[in-house]
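Reader: I would love a close look at one part of this model. Could you walk me through a single strand and its partners?

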Amino acid sequence: IAVCVSYALFCCICVRKRFCDFHEHNLLNVRISQTSFALQCFVSEPQSTQLTGLFVEKPKSNVVAVAGGTHPDIKCQELLKPTMKWLKGKWLDLGSKAGKHFQFKETYDRNTKIYTYEMKIVKAVPGDAGGYRCEVTAKDKCDSSTFEVSVEGECKWPTETVSISLSTAVLIQDGGEDDGELDFSALLKKKPEKEELETDVWELLKSAHPSEYEKIAFKYGITDLRGMLKRLKKMKEQPVKHSEAFLKRLESCYTVDKGKKIVLSCEVLDPNAQVKWLKNGQEIKPSAKYVMEANGNVRTLTINKANLSDDAAYECVVGEDKCSTEVYVKEPPITITKLMDDYHVVVGERVEFEIEVSEEGAHVVWCFEDQELHKDKESSKYRFKKDGKKHTFIILEATLDDIGMYHAWTNGGHTKGELEVEEKELEVLQDIADLTVRATEQAMFKCEVSDDTVTGKWYKDGVEVLPSERIKMTHVGRFHRLLIDDVKPEDAGDYTFVPDGYALSLSAKLNFLEIKIDYVPRQDPPKIHLDTTGNMVSQNTIIVVAGNKLRLDVEITGEPAPTVVWSKGEKPITETEGRVRVESRKDLSCFVIEGAERDDEGNYSICVTNPAGEDKAMLLVKIVDVPDPPENVKCTGVGEDCATIVWEPPKFDGGVPIKGYLMERKKKGSSRWTRLNFDVYESTTYEAKRMIEGVLYEMRVFAVNSIGMSQPSLNSKPFMPIAPTSEPTRLTVHDVTDSTCSLKWLAPEKIGAGGLDGYIIEYCKEGGTEWVQANTDLCERQGFVVRDLPVGEKINFRVVAVNIAGRSPPATLGQPVTIREIVEHPKIRLPRELRTKYIRTVGEKINLTIPFQGKPRPVATWYKDGKPIDPKMVNVHNSHVESILFIRSAERDHSGTYELVLQIENMEDRATINIRIIEKPGPPQKVRVTDVWGFNAALEWEPPKDDGNCEITGYTIQKADMKTKEWFTVYDHNRRTNCTVSDLVMGNEYSFRVYSENLCGLSEEPGLSKNTTSTSIFHHKRNPYKEKDMTCAPKFTQPLVDRTVVAGYSMAISCAVKGFPKPKIVWMKNKMIIGEDPKYLMQNNQGVLTLNIRKPSTFDGGKYSCMAVNELGKDEVECKLAVRGETQR
């Protein structure tokens, strides 16, 4: 044996008797941390040495690959072409994964007669690491090889294609049939043969129907059902070897839920035998987790709190014998305890979808529409965060491409949330106001926008304004200001603010007020000079936004300096400090309101006086504000995924007209609101769409005017989008009379989350359009009788299902119904048990219900022995579908033939019932001892006068010694009226008594013998024995009864016959003798004859007869057998 090993390449040399030279294989092409490698050596012994398995060459137990690939090789031997399987883990068959990632190849070397199977893993990823196994089978031989694949580091050679390639070689010693190179992937295609599906979840589903496999696999969270079934199939195919050490082996497999306890049990032959328990070949030591017990011949291993590490193969070893099993640990399904919320954001905002699951460390799959989301190392757009049971999916900056439905999946739950992204719009919260200033004063332009990150530029008359010592520009939060100190005449003009990145501009005008000094006479009447620009929207009217500052500078002229008085209404304003104040300067009076409020609105006046006269001016100050919240927000209607919301306008509109409204919604219990519209909505009715049926929502509304947006309204009452049901199905007419129509239907196919409250039934005359509701209250049943209909009219009917969402589409009959009674022949449906003699004992209650049919309502009349029944003895109750015959306490007089006559006009039907009331018989008559000899005595008697209204079935004979007078039973059920009592004591005197017996039991009183007998030691002359003639012709004591059976269900017909000599029995069908047909089984038990028919079909119906024949004569009985199909039931 020679072994050659090189760095990353090696050759395997197999030495055989004929020195078959194996060609070199580049079996392992691996890079580990740029420099690592793997070595393998393959050796084949000479042919004279017996091989222990099918493999000629196997890979090393550990194969290490870069995140890119590796290439080991395996060889084995077999007489015929083997079947190869590649598996990962315990049961995952990689043949089902064939594609770009897993590639399979099969080659055959004609010279060496070796099959080589290769599995190639292209571009290995860390998920490919783990335990692998290859199994080779041929006829009754099987061998396997296991190895581990580890994936480390990153591939540093992007120009090379690195893969994991696993191959196995099979040695063929007698010419394979499939020579040449084969495509193994073709062998993996689905074959037309139907594979026998085995059960899932091992012990639980061994008896389950194959149609239930997928349902149970989903219920228990089984993801690789196909692999488990194949694994179980292989386990079942393994023959059970006889064991000398074990009375009862371990089960083939066990299944346990994670965290639960499981007990492995077997029985050994020797109660004193010592056993060892192995897990994956390693001995298990006793501990708190593994408890080993021995109780007589039973050996148990208890595994407490099973986890995934306990999912392994276990063995119980007694000496050199062992039995094995496998334990499968199932993880419980992970449920979602907190559902995902919807998001409505603008471009660039951060989105966080958050859920909570039932257990920590659970695996959650995030999907966008139908595409699974993964963390991309190259892109930082998505983030996945786990915090205990909380899982969060984060979109750092939302774009329009992110619009859609996002899903979160666990193995036991699913939730979804919708993301809506709108283009970012800039909203102007406060516009620039025109200014009028005088020389050397300060001018300040101020505006407010919705986004505090927006920057912008200031322009004067179209030219950008640059900052200087006198001109300053500030940006604090959402406010942008332009400050001009020491205003000069050249500063007057149009100023504009333009936000960066938006097609928007805000403009205002700066007016420069020149100060002119006029020399006037000393007696100059006062004059008020009001500036009508700036805040004045009309002459003498000033509009101020609530919260803003109002400063009104009024120029005053007059000589001497006039006195200025400001008033609101009739109340003068004298304060010089505070929120509302008056400031006075030379030739100027300033009226100031800090933080304007609604109460500040009103008519203001300024009055100036001096000795030369006075002047007065009126001003209207109007305070405008954001409106009050809308009121009475409520849901007036819902659909499957929509709802109609209405509200009332706010009581106060803020002093300016309402522009429209903004709506938001949220799921009940959530704290995140989703904006439904970004453009103002003018109406007070809104239809919200894209909602999830069956989920509770709440709504709120904002009012918007030119000043801004109001506070949100109160939340609406929770509402649930639900849809009406579909129309009821299979509406049919059940019955029609001269004034009523009975309808029946089935529930709607689609009911939805709103449930089903009931049904409304409506009718309309043919050709009419007005539908009349037949029921005042909702009908909860699926049937209704419409009454008070006109006779002879043609009426259309329809049925509507109703739930909280409203009425469903109607279910309508295809054609109108004529309201007229339908004549139906009377028909009595006599129950099967009443077709033969009806026997009851005295004192029992008799209650016979006889159903019938017929229209119009038939008249039912009862007769007894041809005469009308006596109502004092028998009670009768008749309805439109049945007649009830009731006897509270049966008497012998009630026996007889009862006949029910059903009449409709000149049509009738009859049914006969034979009722027999029985009781215990009387005592036998004339009991006497007729002869005594030896130890024997002969008794005879006559039948009782009263047989209890039924046949005497036998007699009970008792004897009593006159010394002790204790009675002992000699014979039970003696059918003859005579008997011989034996075993009497010689010399004793005896008395005898006889009881008669029928179906009710023994007679109340016995018949006593009139004379006693005493036995003597002397022999007396015995009368000569006279043999009784027992011969008789055959006679049937119980006839055959007509039967009706269902096809496919075995049945039997029987009768009873007597006769001596024993008659010959012949069964016939339609007068044809039934031979040795295996379908029929004929039995004769003490004269009771039975014919069993196995699973009769409709062809087995007909007339069956039984004939008994002996030398004295013959007798025959017959019956009719009807066989109906299953669909007629």
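Author: Happily! A hairpin of two residues links strand 78 to strand 79, where strands are DSSP runs of E with at least two residues, numbered from the N terminus. This is a predicted model, in which local features need pLDDT of at least 70, side-chain atom pairs count only at pLDDT 80 or more, and totals for chains, interfaces and linings use all residues. Residues are numbered from 1 along each chain as its sequence is written, and side-chain values use heavy atoms, with hydrogens and water left out.

Across that hairpin, strand 78 and strand 79 (residues 1001–1002) are paired antiparallel through two bridges; two strands pair if DSSP finds at least two bridges between them. Here E997 sits opposite L1002 of strand 79.

Now to the other partners. Strand 75 (residues 954–961) pairs with strand 78 over eight bridges, again in the antiparallel sense, and I957 stands opposite V994 of strand 78. V994 also stands opposite G1007 in strand 80. Strand 80 (residues 1007–1008) runs antiparallel to strand 78 and is joined to strand 78 by two bridges. As a general reminder, the strands of a sheet pair through backbone hydrogen bonds, in either a parallel or an antiparallel way.

And how covered is the strand itself? Strand 78 spans residues 989–998, and nine of its ten residues are buried, meaning under 20% relative accessible area with a 1.4 Å probe, protein chains only.

Notes. Buried means under 20% relative accessible area, exposed over 50%, partly exposed in between (1.4 Å probe, protein chains only). Helices (H or I, at least four residues) and strands (E, at least two) are DSSP runs, numbered from the N terminus.
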